[in-house]
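Student: Could you walk me through how to read a few features of a protein model? I'd like the general idea and then the actual case.

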Amino acid sequence: MSVEILDGSTVRSFVEDEGAFNSSVDGRFAALDADRDGLLSYEEMAGELMSLRVLEKHFGVDEAAIQPDELAGLYRGLFDRFDRDGSGEVDRDEFRAEMKEVMLAVANGLGFLPVQMVVEEGSFLKTAVDREMGQLAKAA
């Protein structure tokens with residue numbers, strides 16, 4: 001993990017750089033595709049979805065108040081957002097499209113004011129920051 005300063009334009013610029021964005025997203029897709037069939041099942045994506053930590057105790061949600069079936073439904077709903085054609089599996093194009101929407105939503109949420117944020121190594125946000133820093137170094 002590292003502490004980075006970023007804003008919406010950093011993330012938006014990364015998403016708009018189709019080559020860099022697709023390379024990063026395709027790398028994550030390949031890492032999740034355990035059976036190498038070019039499709040992600042719910043089981044292959046479950047760990048990644050759960051790592052999003054959509055429910056955190058310190059955000060005011062008491063873990064005991066969430067029933068296991070409700071939690072399973074939440075993660076299934078997230079998977080269904082990726083599975084746009086309802087086939088029960090996510091192909092690379094579906095994964096790219098949903099990740100683009102997610103990252104643009106993050107960019108919109110960040111807005112234009114820089115924020116200091118802890119980001120995980122290898123995350124899309126870290127990749128966006130590293131890309132921008134590389135471009136600034138080339139321009140200098």
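Tutor: Let's go through salt bridges, then burial and contacts, then a surface patch and a record entry. This is a predicted model, where local features need pLDDT of at least 70, side-chain atom pairs count only at pLDDT 80 or more, and totals for chains, interfaces and linings use all residues. Residues are numbered from 1 along each chain as its sequence is written, and side-chain values use heavy atoms, with hydrogens and water left out.

Student: How many salt bridges are there by the rule used here?

Tutor: Side chains of opposite charge can pair when their charged atoms come close. The rule asks for a side-chain nitrogen of Lys or Arg within 4 Å of a carboxyl oxygen of Asp or Glu. The count comes to nine salt bridges. One of them pairs Asp-26 with Arg-96 at 2.5 Å, N to O. That pair links distant parts of the chain, 70 residues apart: Asp-26 sits in helix H2 (residues 18-32) and Arg-96 in helix H5 (residues 92-110). Helices here are DSSP runs of H or I with at least four residues, strands are runs of E with at least two, and both are numbered from the N terminus.

Student: Which residues join Glu-98 in one network of salt bridges?

Tutor: Start with its pairs: Glu-98 meets Arg-84 at 2.8 Å, N to O, and Arg-81 at 3.3 Å. Through shared partners, Arg-81, Arg-84, Glu-98 and Glu-101 form one network.

Student: Is Glu-98 buried or exposed?

Tutor: Buried means under 20% relative accessible area, exposed over 50%, and partly exposed in between (1.4 Å probe, protein chains only). Glu-98 counts as buried because its relative accessibility is 5%. Arg-84, at 41%, is partly exposed.

Student: What is Leu-125 in contact with, beyond its sequence neighbours?

Tutor: Contact means heavy atoms within 4.5 Å. Leaving aside neighbours within four places in sequence, Leu-125 touches Leu-6, Val-11, Met-103, Val-106, Met-117 and Val-119. Leu-125 belongs to helix H6 (residues 124-139) and is buried, at 17% relative accessibility.

Student: Which residues make the nonpolar surface patch?

Tutor: Nonpolar patches join Val, Leu, Ile, Met, Phe, Trp or Tyr side chains within 5 Å, using residues with over 30% relative accessible area and no salt bridge; like charges are joined within 9 Å. Areas come from the Shrake-Rupley method with a 1.4 Å probe; for residues, only the protein chains shown count as cover. Met-1, Val-3 and Val-118 make a patch of about 340 Å².

Student: Where does UniProt list the EF-hand domain?

Tutor: The unreviewed UniProt entry lists "domain: EF-hand" at residues 70-105. UniProt positions follow the numbering used here, feature names are shortened, and annotations may be inferred rather than shown by experiment. In the model, that span is 75% helix and 6% strand.
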